[in-house]
Amino acid sequence: MLQTVLLSSVVGVLAGSLSAFFLITLNAVTAVRIAHPELIWFLPLAGAAVSFIFWRLGRDVEGGNNLILEEIHEPRQTIPLRLIPLILIGTWLTHLFGGSAGREGTAVQMGASGADQIARRFPSVDRTTLLMAGMSAGFGSVFGVPFAGAVFGLEVLAIGGLRVRRLFECTIASFVGHWTCLAWGAHHTHYPAPVLPELSIQLILCVVLAGFLFGAVALLFSKAMHATTHLFKKIGIQPARAFLGGLIVVAGFYFISWDRYAGLGVNVIEQSLKEPLTFADSIWKSVFTVITLGSGFKGGEVTPLLFIGSTFGNALASVIPVSFSLLAALGFVAVFAGAANTPLACTVMALEIFGPSFHFA
């Protein structure tokens, strides 16, 4: 038991440190892009570079999150350590040149990869437990949601049921990762909490209806991502896929808006909780994210899903008699929950992000 606690804590420290480094550097990269919007024009070349790097150096880690899940369900070999620098470089380049992507997937992959290096040195400890703890620590630290991180590490693997017996290790790793990330001086976005109306039958029915619609949006996004990835894979030369994807995204930015849909889009998420928006934001963010990630750029899809969910929920207020801020907050977590199949983790995340008594920093 003592060894398990110590190793889970080590995993948390490692994942939290990596997340802090990643968050601080990603903020710097984003600031450079905002200060030099002309970098957007080089997005196709950045995509080709990212794909070329993974093609030459990271073919065995190209799977990202899928690789980690496969190793947990059917262990074969240690996740290569080079996954960490490769996914960092790929995500930096994607955001520096304006690709529509996230960041949490990168942190989860780094946390799992670091945990696997520790598991290799302690063969007496269950490898699956440390991998799950690494995913929890990565998610909890990069988001600032340690409770949700603990549940995420269990739920993301819930094929046939939650592995509740590993909750202890995932919780330790997630909280230690979160505290470590804060100790390094990394900061998380604090979103304004919506005002909750008085509970009524009408409100419950409206929320249920909104939930079905959020689920439909998540399903459409997942199918679009799968179809787009499959379509780009028909291009035999891997760097050419991301080059073409970058061209399409840049063309879209030129005619629509680069500053609103490039990168994470946290500013628009915050706006969705403060003022009414239209359905256009969720539609265009979906399109740009699907093309960016489907063509081979790196970064993950979590923050884009939060963007899509919050802006779609905001716009739903025009047809559902509930405040736009509440629907935006519900969409923030519900669309991600549907796309990632993690409803429990997202419910807890909603409490940590929007519940004032659950703020940890």
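This report walks through the overall build of one protein chain and then stops at a few of its residues.

## The chain as a whole

Keep in mind from the start that this is a predicted model. If you look for secondary structure, you'll find 16 helices and 0 strands. The radius of gyration is 20 Å, close to the 21 Å that the globule rule gives for 361 residues, so the chain is as compact as a globular protein of that length. Laid along its principal axes, the chain has C-alpha atoms that fill a box of roughly 55 × 50 × 40 Å.

How much of the chain is buried? Buried residues make up 55% of the 361 residues. Then there's the matter of who touches whom: of the contacts with a separation of 6 or more, 78% are between residues 24 or more positions apart. As for the outside, the accessible surface comes to about 15400 Å², and 69% of that belongs to carbon and sulfur atoms.

## Charges and salt bridges

The chain carries 20 positive and 18 negative side chains, and the centres of these two sets lie 9 Å apart. Side chains of opposite charge can pair when their charged atoms come close. How many salt bridges does the structure hold? It holds 3 salt bridges, set out here.

| Salt bridge | Closest N to O distance |
|---|---|
| Glu104 and Arg103 | 3.1 Å |
| Arg127 and Asp116 | 2.7 Å |
| Asp281 and Arg260 | 2.7 Å |

Let's take the pair of Arg127 and Asp116, joined by a salt bridge with N and O atoms 2.7 Å apart. Arg127 lies in helix α6 (residues 127-143) and Asp116 in helix α5 (residues 104-121), so the pair ties together parts that are 11 residues apart in sequence. Both Arg127 and Asp116 are buried.

The side chains of Asp281 and Arg260 also meet in a salt bridge. Here Asp281 sits in helix α13 (residues 280-294) and Arg260 in helix α11 (residues 258-261), so this pair ties together parts that are 21 residues apart in sequence. Are these two buried or partly exposed? Asp281 is buried, with a relative accessible area of 5%, while Arg260 is partly exposed, at 22%.

That leaves Glu104 and Arg103, which are both buried. Arg103 is found in the loop between α4 (83-96) and α5. With a relative accessibility of 9%, Arg103 counts as buried, because the cut-off for buried is under 20%. Setting aside residues up to four places away in sequence, which residues does Arg103 touch? Its contacts are Phe22, Leu23, Leu26, Thr189, Leu264, Val266, Gly299 and Thr303.

## Three more buried residues

Gln117 is another resident of helix α5. Its relative accessibility is 10%, so Gln117 counts as buried. Leaving out residues up to four places away in sequence, Gln117 touches Thr78, Ile79, Pro80 and Leu81.

Met225 belongs to helix α9 (residues 201-232). It counts as buried too, with 11% relative accessibility. Not counting residues up to four places away in sequence, Met225 is in touch with Thr289, Val290, Leu293, Gly294 and Glu301. If you go looking for Phe307, it is 82 residues from Met225 in sequence, and the two are 16 Å apart in space, C-alpha to C-alpha.

Val322 takes us to the loop between α14 (302-316) and α15. At 9% relative accessibility, this valine counts as buried. Which residues touch Val322, again not counting those up to four places away in sequence? They are Leu203, Cys206, Ala317 and Leu327. Leu203 is worth finding on the model: Val322 and Leu203 are 119 residues apart along the chain, yet their C-alpha atoms are separated by 7.3 Å.

## An exposed residue to finish

Now for Asn341, which sits in the loop between α15 (324-340) and α16 (343-354). Is Asn341 buried or exposed? Asn341 is exposed, with a relative accessible area of 54%. Its backbone deserves a look as well: Asn341 has a positive phi of about 60° although it is not a glycine.

Definitions and conventions. Residues numbered from 1 in each chain as written. Predicted model: local features only at pLDDT ≥ 70, side-chain atom pairs only at ≥ 80, totals over all residues. Heavy atoms only, no water. Helix = DSSP H or I, 4+ residues; strand = E, 2+ residues; numbered from the N terminus. Buried < 20%, exposed > 50% of the residue type's maximum accessible area, 1.4 Å probe, protein only. Contact = heavy atoms within 4.5 Å. Salt bridge = Lys/Arg side-chain N within 4 Å of Asp/Glu carboxyl O. Rg over C-alpha atoms; globule rule 2.2 N^0.38 Å. Areas by Shrake-Rupley, 256 points an atom, 1.4 Å probe, with all protein chains shown as cover. Lys, Arg positive; Asp, Glu negative; His and termini not counted. Charge placed at Lys NZ, Arg CZ, Asp CG, Glu CD.
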